Amino acid sequence: MHLTILFSDLFKENRKDDIWLVDFYAPWCGHCKKLEPVWNEVGTEMRNMGSPVKVGKMDATSFSSIASEFGVRGYPTIKLLKGDLAYNYRGPRTKDDIIEFANRVAGPLIRPLPSQHMFEHVQKRHRVLFVYVGGESPLKEKYIEVASELIVYTYFFSASEDVLPEYVTLPELPAVMVFKDGTYFVYDEYEDGDLSSWINRERFQGYLHVDGFTLYELGDTGKLVAIAVIDDKNSSVEHTRLKSIIQEVARDYRDHFHRDFQFGHMDGNDYINSLLMDDLTIPTIVVLNTSNQQYFLPDRHIESTEDMVQFINNILDGTAEAQGGDGLLQRIKRIIYDAKSTIVSVFKSSPLLGCFLFGLPLGVISIMCYGICTADTEGEVFEHEGAKKESGDRELTDEGSEEEQEEENNGKYTELSDGELKQKDIMEKKKD
């Protein structure tokens, strides 16, 4: 069977000779369970294609030493193992995307284009492709080095000058070019800087349909991301107009903004709301700085391309107000927001589970607090009664005991009786 559960010893013996596409998973992971049927489809199709890539999966919790060897920190983690190299897959977890990744990385690092026909065929298949033109040179060595690092994202080709389309003109050879958006751009070391950084920035089309995975990858480019947040199913004038404005700026102002900005649109505001911790009313436009989690919102309604260009220029010259960020207050706000979102999502998906998870701890805490408060109240009552008893004892001591009072009263009675007797004796003597 092409889809194999990898065993550690067998895996170590074969991994240098074969090319493996491996899913490192955990049995308890919900995302891993969701990926499982997709992974089975990947294994079946790769087998039917006759691919040299062996598809497998490994329980990273059982073989933690191997998982640690390849730097597995989350589940599921997809890696293509080729010789001593391990390539991480960071794209959407769909069958076609995973297979395309495996075929690209498993093949030659630099793919030759021997003819114009082959060049045209490749150009139709790939929206973005990089081409090295020329013979052996330090630039080619650098190109190969960058390709070994970024092959996980895009294809790298080489061709002679006579293979290129007639509309292409090169100022000098050797050269590195990127073909995309119906045109081409030539790498200039003095204007574009490091070749690796340039390729990393140019590996995206000028305008994209942005989702969570794409936005995560765009973070590596260092660019600001200008997004029209719309509803793709809504064909109203406002939704269509904002999308068209972003497309026009991406196309017509590329020379002005392509080094600093990436353009695109996002369907729906759920993801962007969680990112900004705010509720954005769509359609709208937002500019994200993925490096520090800042974002910019236009201070007035974007009515035209000129308004959008002015908004971008305000961001570049620092006059536009930045919101969000990664400061302490924002981090605290993020913790509170994530906790609130988690609680709400749990109660929405499973009210009974939510009551159990959050009601039980709250109930225990309430009982503990009640017990503590009750114990304090009873202590105060006992203390009050003790003080009262002690006060009574003191009063009794001051007045004397009952026996002492009785003796005192008896003494008074005795004194009065003696006086009366004396007076009686005197009266009797007078009578005599």
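In which loop is Gln293 found? In this predicted model, Gln293 belongs to the loop between β14 and β15 (294-296). Its phi is positive, at about 65 degrees, although Gln293 is not a glycine. Gln293 counts as exposed because its relative accessibility is 52%, and the cut-off for that class is over 50%. A second residue other than glycine with a positive phi is Asp181, where the angle is near 55 degrees. Asp181 is found in the loop between β9 and β10. With a relative accessibility of 39%, Asp181 counts as partly exposed, a class that lies between 20% and 50%. Most residues other than glycine have a negative phi, and most peptide bonds are trans.

Cis peptide bonds occur before two prolines. The bond from Tyr75 to Pro76 is cis, with omega near -10 degrees, and Pro76 has its place in the loop between α3 (64-69) and β4. The bond from Ile282 to Pro283 is likewise cis, with omega near 0 degrees. Pro283 is found in the loop between α12 (270-276) and β14 (284-289).

The loop that holds Asp181 joins two strands of an open sheet. This sheet has five strands in the order β6-β8-β7-β9-β10, and its pairing is mixed. The edges are formed by β6 (111-112) and β10 (183-186), each of which pairs on one side only. Strands of a sheet pair through backbone hydrogen bonds, either parallel or antiparallel. At the β6 edge, the pairing with β8 (residues 156-159) is parallel and consists of two bridges. Within this pair, Pro112 stands opposite Ser158 of β8. Helix α8 (residues 195-202) lies across four of these strands, namely β7 (129-133), β8, β9 (175-180) and β10. The helix runs at about 10 degrees to β9.

Open pockets were examined next. The largest pocket has a volume of about 980 Å³. Of the 28 residues in its lining, Asp97, Glu100, Arg127, Tyr153 and Glu217 are the closest to the centre. Two or more lining residues come from each of α4 (95-106), β11 (207-209) and α9 (212-218). Helix α4 gives the largest share, with five residues. By class, the lining of the largest pocket comprises eleven nonpolar, seven polar and ten charged residues.

The second largest pocket holds about 520 Å³ of space. Its lining is made up of 22 residues, and those nearest the centre are Thr77, Asn88, Tyr89, Arg90 and Tyr216. At least two lining residues are supplied by each of β4 (77-82), β5 (85-88) and α9. Helix α9 thus appears among the contributors to the largest pocket and among those to the second largest pocket. The lining of the second largest pocket divides into eleven nonpolar, six polar and five charged residues.

Closed spaces were also found. Two cavities reach 30 Å³ or more. The largest cavity contains about 80 Å³ of space. Its lining consists of Lys180, Gln205, Gly206, Lys223, Ala250, Arg254, His258, Phe261, Gln262 and Phe263. Strand β13 (residues 261-267) provides the largest share of this lining, three residues. Lys180, one of the lining residues, lies in β9 (175-180), a strand of the five-stranded sheet. Three nonpolar, four polar and three charged residues make up the lining of the largest cavity.

The second largest cavity has a volume of about 40 Å³. Pro298, Asp299, Arg300, Ile302, Asp307, Gln310, Phe311 and Asn314 line this cavity. By class, these residues are three nonpolar, two polar and three charged.

Terms used. Residues are numbered from 1 along each chain as its sequence is written. This is a predicted model: local features need pLDDT of at least 70, side-chain atom pairs count only at pLDDT 80 or more; totals for chains, interfaces and linings use all residues. Side-chain values use heavy atoms; hydrogens and water are left out. Two strands pair if DSSP finds at least two bridges between them. Helices (H or I, at least four residues) and strands (E, at least two) are DSSP runs, numbered from the N terminus. Contact means heavy atoms within 4.5 Å. Axes are lines fitted to C-alpha atoms, for helices over the stretch in contact, and angles run from 0 to 180 degrees between N-to-C directions. On a 1 Å grid over the protein atoms alone, a cavity is a set of points where a 1.4 Å probe fits but cannot get out, and a pocket is an open set with protein on both sides within 12 Å along at least five of seven lines; lining residues have an atom within 4 Å of a point. Grid points are joined across faces, edges and corners, and a volume is the space filled by probe spheres set on the points. Ala, Val, Leu, Ile, Met, Phe, Trp, Tyr, Cys and Pro count as nonpolar, Asp, Glu, Lys and Arg as charged, and the others, Gly among them, as polar. Buried means under 20% relative accessible area, exposed over 50%, partly exposed in between (1.4 Å probe, protein chains only).
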